[in-house]
Amino acid sequence: MAKRSVKRRLKAGEFNSKHYESEEAKIQSLFPGTHWSPDDKEPMRDQRFVKKVKPRSLGQERLMKAIDEKNLVLALGPAGTGKTYLAVAKAVEALEAGKVSRIVLSRPAVEAGESIGFLPGAMEEKLAPYLRPLYDALADRLSPKKLKAMMAEGVIEIAPIGYMRGRTLNNAFVVVDEAQNCTYGQLKMLLTRLGWNSTMVVTGDPAQSDLLPEMSGLATIADKMDELEDVRVSRLESKDIVRHPLVATMLTVL
């Protein structure tokens, strides 16, 4: 009944722009009652596919430049600095430009202190809850139909960290997310999967590991990679956070 009601309203033109005072009136504010935006220079936008991603801080600008220049980039920083989003955006950009032939997404399936129990379905369905942040970033750059088709064809591949051993990833853009939940051995294995004409971006926040402090290998790997000239370790700070201003404030006391 509700669907038919919406269809009738659509035919009647109730949702047409002429019923709004302005184009801005059609856009719902993320925080009603406020005029806050991640970037005061850029007004609120409606949730459509983003064709071009612009850095919102100096740290993000350095990260995007590093991804363009280096084949291996480690992006470390607190929550909300855009590490994952920028990595996925650059991956889609490289794929659409023909620089790579596929995107490989990998993320450790580590539960954050709460067990969600047995998950039915195929491998992709079991991993879906863990890979939701990556899907969200992809959905902001690709239409649902295009995203579904690319995943069905293997152009966008979901690769669990446990199944990466022994592989060589040629002509691919690899994004390893939540790397703070990987051990030193896992990260060493992942970094050595890099093949010809490939780019790998490893993102994570060493301060938010769900493993025991001595088990996470991200900080150790980043310190060692700092010594290599052909690898870029990009360290984002609280001033690079583009979520609600309270996030940056909270991280100073949490």
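In this predicted model, strand β4 and strand β5 (residues 199–204) pair in the parallel sense, and four bridges connect them. Within this pairing, Val-174 stands opposite Met-200 in β5. Strand β4 also has a partner in β2, to which five bridges join it, and these two strands likewise run parallel. Here Ser-106 is found opposite Val-176 in β4.

The surroundings of β4 deserve a closer look. Five of the five residues in this strand, which covers residues 172–176, are buried, so β4 is largely enclosed by the rest of the structure. In a regular strand, side chains alternate between the two faces of the sheet. In β4, Ala-172, Val-174 and Val-176 point one way, while Phe-173 and Val-175 point the other way, and all of them are buried.

The neighbouring strand β2 spans residues 102–106 and contains Ser-106. With a relative accessibility of 0%, Ser-106 counts as buried, because that term applies to values under 20%. Leaving aside residues up to four places away in sequence, Ser-106 touches Ala-159, Pro-160, Ile-161, Met-164, Val-175, Val-176 and Asp-177.

These strands belong to a protein chain with nine helices and six strands. Of its 254 residues, 39% are buried. Among the contacts in the chain with a separation of 6 or more, 74% are between residues 24 or more positions apart. The chain exposes about 15,600 Å², and carbon and sulfur atoms supply 54% of that area.

Two of the helices illustrate how buried residues can be arranged. An α-helix has 3.6 residues a turn, so residues three or four places apart point the same way. Helix α8 consists of residues 218–225, and its buried residues include Leu-218, Ile-221, Ala-222 and Met-225. When α8 is seen down its axis, the buried residues fall within an arc of 100°, so they line one face of the helix. These buried residues pack against β1 (72–76), α7 (184–191), β5 and β6 (231–235). Strand β5 is thus a partner of β4 in parallel pairing and also one of the elements against which α8 packs.

Helix α5 runs over residues 132–139, and Leu-134, Tyr-135, Ala-137 and Leu-138 are buried in it. Viewed down the axis of α5, its buried residues occupy an arc of 160°, so they too line one face of their helix.

Charged side chains provide another set of links. Side chains of opposite charge can pair when their charged atoms come close. The count of salt bridges in this model comes to eleven. One of them joins Glu-157 to Arg-102, with the closest N and O atoms 3.4 Å apart. Glu-157 lies in strand β3 (residues 156–158) and Arg-102 in strand β2, so this pair ties together parts that are 55 residues apart in sequence. Glu-157 also meets Arg-167 in a salt bridge, with an N to O distance of 2.8 Å. This second pair links distant parts of the chain, since Glu-157 is in β3 and Arg-167, ten residues apart from it, is in the loop between β3 and β4. Glu-157 is partly exposed, with a relative accessible area of 21%, and Arg-167 counts as partly exposed at 23% relative accessibility.

A further salt bridge is formed by Lys-239 and Glu-237, whose closest N and O atoms are 3.8 Å apart. Lys-239 is exposed, with a relative accessible area of 65%, whereas Glu-237 counts as partly exposed at 43% relative accessibility. Elsewhere, salt bridges that share partners join Asp-68, Lys-90 and Glu-93 into one network.

The final region to consider is a nonpolar patch on the surface. Leu-246, Met-250, Val-253 and Leu-254 form this patch, and together they have about 470 Å² of accessible area. Leu-254 is placed in the segment after α9 (245–251). With a relative accessible area of 79%, Leu-254 is exposed, in contrast to Ser-106 in β2, which is buried at 0% relative accessibility.

Notes
Residues are numbered from 1 along each chain as its sequence is written. This is a predicted model: local features need pLDDT of at least 70, side-chain atom pairs count only at pLDDT 80 or more; totals for chains, interfaces and linings use all residues. Side-chain values use heavy atoms; hydrogens and water are left out. Patches are made of residues with over 30% relative accessible area and no salt bridge: like charges are joined within 9 Å, nonpolar side chains (Val, Leu, Ile, Met, Phe, Trp, Tyr) within 5 Å. Accessible areas come from the Shrake-Rupley method with a 1.4 Å probe; for residues, only the protein chains shown count as cover. A salt bridge is a side-chain nitrogen of Lys or Arg within 4 Å of a carboxyl oxygen of Asp or Glu. Buried means under 20% relative accessible area, exposed over 50%, partly exposed in between (1.4 Å probe, protein chains only). The arc is that of the directions from the helix axis to the C-beta atoms. Contact means heavy atoms within 4.5 Å. Two strands pair if DSSP finds at least two bridges between them.
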